[in-house]
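Please open the model in a viewer and keep the selection panel at hand. The tour below proceeds from strands to ligand to helix.

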Amino acid sequence: MTVGASSIDTTAALSRAVAEPPALETRGLTIRFGGHVAVNAVSCAFRPGELTCIVGPNGAGKTTYFNLISGQLPPTAGQILLGGEDVTRLPVPHKAARGIGRAFQLTSLFPNLSVFENVRLAVQARQRIGLDLWSVWSGNRAVRAEAERCLERVAMADKRHLPVASLPHGDQRKLEVGILLALQPRIFMFDEPTAGMSVDEVPVILDLIQDIKRDRSKTVLLVEHKMDVVRSLADRIIVLHNGNLMADGDPAEVIASPIVQQAYLGIGAADDGVQGEGSHG
Ligand SMILES: Nc1ncnc2c1ncn2[C@@H]1O[C@H](COP(=O)(O)OP(=O)(O)OP(=O)(O)O)[C@@H](O)[C@H]1O
Ligand SMILES: [Mg+2]
């Protein structure tokens with residue numbers, strides 16, 4: 001019977017939703033540098049289809065939190081779970097292979113290769129094509145087509161033949177986003193993605209992040225200082241201060257909360273950043 005079947009479906013969907021672990025979770029995540037606690041027992045869960053903006057003043061621990069999640073730094077304490085699996089101690093490549101994707105480590109580019117080759121290598125790294133000749137040949141066409149698509153999405157198709165070392169900084173950062181797309185991660189981590197970009201380049205990246213957000217299977221973490229960007233993209237905001245998770249919730253509520261207004265917006269400060277006046281150089 002339709003009614004019965006649909007109620008069974010609904011019950012099944014509900015129990016799946018309840019049982020499903022978050023895409024990414026940190027539990028009590030902590031790192032100390034000598035006597036300084038840069039990230040202090042941060043517990044937070046991130047779900048697919050959700051874009052979380054991470055805000056806070058300079059030195060709050062935002063990038064360090066990213067470094068812990070992606071594996072650049074080993075935590076002093078706490079856990080990182082990916083789809084419920086403990087990945088706390090896995091090195092960067094293993095975390096990347098499991099779907100944690102981080103942009104903006106310019107070191108990940110091959111400076112002497114062309115823009116296109118950089119993206120093609122990323123597509124290939126993901127696909128791990130077999131060695132029989134047919135699959136190499138047909139796979140190669142598919143790889144090239146996908147690399148082209150990624151370049152188009154970051155508006156860099158016309159620069160495909162240029163060596164990466166010759167690109168201005170903004171283009172290199174766009175290319176990193178292209179490489180990230182090619183890797184097709186489950187978790188996208190962007191740390192101030194538009195910093196250093198020209199006014200023409202910024203909308204390309206923001207539109208792309210909007211696109212990624214529309215894919216309900218992806219989880220996006222975005223560190224961002226620009227309040228207009230935060231407002232337009234965030235489903236949720238978390239605030240870090242001195243390594244502590246200070247607020248977490250609905251963007252409007254977090255932005256309006258007195259403690260955030262005082263500590264990060266500065267009472268009466270111009271609304272052009274989420275940090276207090278003069279705190280971000
Ligand atoms: N490898 C390290 N060794 C020692 N101290 C570090 C290290 N990495 C970060 N820190 C310190 O941890 C604190 C947090 O730095 P972090 O770069 O995470 O801040 P942030 O919130 O990203 O700031 P910003 O908005 O300026 O990018 C700072 O006091 C920083 O000096
Ligand atoms: Mg930072």
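**Strands first**

Begin by selecting E1 together with strand E4 (residues 77–82): five bridges join the two, and they run antiparallel. This is a predicted model. To find one point of contact between these strands, select Thr-30, which stands opposite Ala-77 in E4.

Next, keep E1 (residues 24–33) and add E2 (residues 36–46); this pair is also antiparallel, with seven bridges. Phe-33 has His-36 of E2 opposite it. The hairpin of E1 and E2 has two residues between the strands, and Gly-34 takes a positive phi near 60° there.

**The ligand**

Now select ligand 1. Which residues surround ligand 1? Phe-33, already visited in the hairpin, is one of them. Ala-38 and Gly-56 also belong to this group, as do Asn-58, Gly-59, Ala-60, Gly-61, Lys-62, Thr-63 and Thr-64. Colouring this shell by class shows six polar residues, three nonpolar residues and one charged residue. Which helix gives the most to the shell? Helix H2 (residues 62–70) does, with three residues.

**Helix H2**

Select H2 next. Is this helix largely enclosed or largely open to the outside? The helix is largely enclosed by the rest of the structure, because seven of its nine residues are buried. Those buried residues are Lys-62, Thr-64, Tyr-65, Phe-66, Asn-67, Leu-68 and Ile-69. Lys-62 and Thr-64 are thus buried in H2 and also form part of the surroundings of ligand 1.

Finish at Gly-71, just after H2, where the backbone takes a positive phi of about 105°.

Terms used
Residues are numbered from 1 along each chain as its sequence is written. Chains are lettered from A and ligands numbered from 1 in the order in which they are written. This is a predicted model: local features need pLDDT of at least 70, side-chain atom pairs count only at pLDDT 80 or more; totals for chains, interfaces and linings use all residues. A residue is near a molecule or strand if its C-beta atom, placed from the backbone, lies within 6 Å of it. Helices (H or I, at least four residues) and strands (E, at least two) are DSSP runs, numbered from the N terminus. Ala, Val, Leu, Ile, Met, Phe, Trp, Tyr, Cys and Pro count as nonpolar, Asp, Glu, Lys and Arg as charged, and the others, Gly among them, as polar. A residue is buried if 20 or more other C-beta atoms lie within 10 Å of its own, exposed if 12 or fewer, and partly exposed in between; C-beta atoms are placed from the backbone. Two strands pair if DSSP finds at least two bridges between them.
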